[in-house]
Amino acid sequence: MTTTTPASAAVRAAVGTAHTRVEGRDKVTGAARYAGEIPFAGLAHGWLVLSTITRGRVREVRTAPVLRMPGVLAVLHHGNAPRLRTDYVGLLGVPPDPAACVFQDDRVPFAGWPVALVVAEAPEQAREAAEALAVTYEQEPHDTALVAGHPGAYAPQGHMPAETAKGDLEAELAASAVVVAEVYTTPEEQHSMMEPHAATALWDGGRLEVVDSNQGAGWVRDELATLFSLDPSAVRVRSEHIGGGFGSKGPRAHQVCAVMATTALHRPVRVVLTRRQLFSLAGYRSPTTQRVRLGAGPDGRLRALEHRSLNQTSRVYEFVEPSAGVARVMYDAAAHRTANHVVRLDVPSPTWMRAPGEAPGSFAIEAALDELAERAGVDPIELRVRNEPQAGPVSGLPFSSRNLVACFREGARRFGWADRDPRPGLRRDGRWLLGTGTAAASFGAGAAPSTALVTAEADGTFTVRIAAADIGTGARTALTLIAADALRTTPERVRVRIGDSDFGQAMIAGGSMGTRSWAWAVTAAAAELLERLALGTGVPPEGVTVRSDTTEALAALAQKERHSFGAQFAEVAVDTATGEVRVRRMLGIFAAGRIVNPLTARNQLVGGMTWGISMALHEEAVRDHRTGAHYAPDLAGYHVATHADVPDIEADWVDDHDPDDPVGIKGIGEVGIVGAAAAVANAVWHATGVRHRDLPIRPDRIITAARNRPGGGAVDA
């Protein structure tokens, strides 16, 4: 028996110091393997066949010619696939998306619906056979257009209230000295992560194993177990390295197809979605139409606030993009009304996408606040400061901490806001018109019950096991630093293992809740482990392991409004003759609790701000409403910000402490994108004097706006 003692209290704290990723070397050398490249003996490959119509039924799947093609092993479709259990509720109390419950009937509810899976010895053979598979349909009329005032819009019953209201809105608007009443729109946006969705399924000793790229191994395990009527203990899901997720990597069609195929063929089967297939099968951010009405006194203090949002969902699954939810946190008024409505269309199901609700919602409300500041003759930052709420505008709960004003004050100082001339269209640099804009940001700081295992090894090191997911955020490294401090040792003596459903239940990587939830579980287990080691009984060869469960601790946490906050600043250059918009610099200052790893934290915040540029100027998945399908569903037709579009971006933070929270960590993965698009749009107004209420701010929209403004014509250099 070997004994060990915790390192001296003199060990330097790891949390708060910059630390390169613990798996970084493996990733840059190729040693880290992703779900689509892990080898398996006897591996077969599945290729999905998607519908070519938007609405109707499958009349016939002609499998015989395809089954005679070289290497083809099977063709699964609604006529021969196993039946799945779909009468249950999953994460957040919602039923599974039928797009993941493949081949259960002959209906086609949207373009790109899975109608068959071809399995072959090689991926090339599977693809060739899938492209040759003849499917005939009975086609029906479809509707894919989201329009304001759609007669099918309704108030959904989701995980948050669809509508909130207090005060007499119309009376307060009528009594207001300054009123803004505008409509803002955002387009469909795609996740477009670098690593496509991929899963390999196999049966091993009577147990189903799935190697996947997902945001929660336990989540996918539970969904697959329920769908296939298996005991959860009979299913293991592993997802060690993930090349981005942004909300889309949950239970999807490819995992279900892989399980169906391995069950039928008794050999490992891998299914990888193509980039084009991701546009219909991996979810997306719904387009939104948002109406904002603000009424204020002459000093800009709000008397009335209305934020109404409409988004689309599929006819087979309800998903709400809660864009009006941001107003429930950010601003208060005597009359306050918000509503999230949805309309069912013949489109694929939307899903969570980085800062769901807050990203498109912040564009509308923060652009409207900028318009209010202009009309009231109040500085945009001062307007926001004057409208700081003392408690949650809807909940009435106190804020755990709300350091938004500190973010604006520090950001204004560093950005040089005091030198800004508020009048639009005056600054020039040759042919370019220059402008600056700002916007506020917020995102919830929640946590969910999680379990963790921490082991003191006989060699004096420690092993942490938790079913966390590192989707590129640096979570594995953050947990290493957190565990090192909790165990009073150094990061080099800590090994963190993640991405395995066998490690127990844990929060998914989503909602900016992952690191906070996992850190709570890890620190709780570490504290108990140190208590055991302090008894002096030593560490046996198999080690000493402690398991934590944070369910009770979370239930005991005081009910408060907990959020990360931020202030976004942007400077743009606009050429109204060519329609070019160039973001020259951005600054984001955030209040996001205790920063675990400044290196990866800044990376996350800058990444979110970059996505905000992309959202403001580039991203737009366009659907042909005649066919119901996308134009150019790929990264050639779907534009994203690239290196040439990304300027000097700086992200930093202010102190932000919640005295009631023993963890002190708030999520930063999503707050960076919130407000960023609004800051860019507000800067474009300041540069040109023209408001753009529809994203993205494309060159054609800049040119059209310049021609239609008073005086007409392009701005001369």
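**Notebook: a predicted model, residue by residue**

I began with Leu-383 and found this residue in helix H10, which spans residues 380-386. I note at the outset that the model is predicted.

**Entry 1. Leu-383**

I looked up whether Leu-383 is buried or exposed. Its relative accessible area is 0%, under the 20% cut-off, so Leu-383 counts as buried. I then listed what Leu-383 touches, leaving aside residues up to four places away in sequence: Gly-300, Leu-369, Leu-372, Ala-373 and Val-378. I also checked the pair Leu-383 and Asp-299, which stand 84 residues apart in sequence, with 8.2 Å between their C-alpha atoms.

**Entry 2. Arg-85**

I turned next to Arg-85, placed in the loop that runs between strand S3 (72-77) and strand S4 (107-108). Its relative accessibility is 39%, and I recorded Arg-85 as partly exposed, since that class lies between the 20% and 50% cut-offs. Which residues does Arg-85 touch, not counting those up to four places away in sequence? I found Thr-226, Leu-227 and Ser-229. For Arg-85 and Cys-101, 16 residues apart in sequence, I noted a C-alpha to C-alpha distance of 8.7 Å.

**Entry 3. Backbone angles**

I looked up two residues other than glycine that have a positive phi. Phe-246 has phi near 60° and sits in the loop between strand S11 (235-238) and helix H6 (253-265). I recorded Phe-246 as partly exposed, at a relative accessible area of 27%.

Arg-488 also has phi near 60°. I located Arg-488 in the loop between helix H12 (475-486) and strand S20 (494-497). Its relative accessible area is 48%, and Arg-488 is likewise partly exposed.

I then examined the peptide bond from Leu-695 to Pro-696, and I recorded it as cis, with omega near -5°. Where does Pro-696 lie? I placed Pro-696 in the loop between helix H16 (676-688) and helix H17 (699-708).

**Entry 4. The chain as a whole**

I counted 17 helices and 26 strands in the protein chain. The radius of gyration is 26 Å, close to the 27 Å that the globule rule gives for 717 residues, so I entered the chain as being as compact as a globular protein of that length. Along the principal axes, the C-alpha atoms fill a box of roughly 75 × 75 × 50 Å.

I noted that 60% of the 717 residues count as buried. Among contacts with a separation of 6 or more, I found that 82% are accounted for by residues 24 or more positions apart. The chain exposes about 26,900 Å², and carbon and sulfur atoms supply 51% of that area.

How many positive and negative side chains are there? I recorded 73 positive and 81 negative side chains, and the centres of the two sets lie 1 Å apart.

**Entry 5. Confidence**

I closed with the pLDDT values. The protein chain averages 95, and 97% of the residues score at least 70. I marked two stretches where pLDDT stays under 50. One is residues 1-9, for which I noted 21 contacts beyond four places in sequence. Another is residues 712-717, for which the model has 14 such contacts.

Notes. Residues numbered from 1 in each chain as written. Predicted model: local features only at pLDDT ≥ 70, side-chain atom pairs only at ≥ 80, totals over all residues. Heavy atoms only, no water. pLDDT = per-residue confidence, 0-100. Contact = heavy atoms within 4.5 Å. Helix = DSSP H or I, 4+ residues; strand = E, 2+ residues; numbered from the N terminus. Rg over C-alpha atoms; globule rule 2.2 N^0.38 Å. Buried < 20%, exposed > 50% of the residue type's maximum accessible area, 1.4 Å probe, protein only. Areas by Shrake-Rupley, 256 points an atom, 1.4 Å probe, with all protein chains shown as cover. Lys, Arg positive; Asp, Glu negative; His and termini not counted. Charge placed at Lys NZ, Arg CZ, Asp CG, Glu CD.
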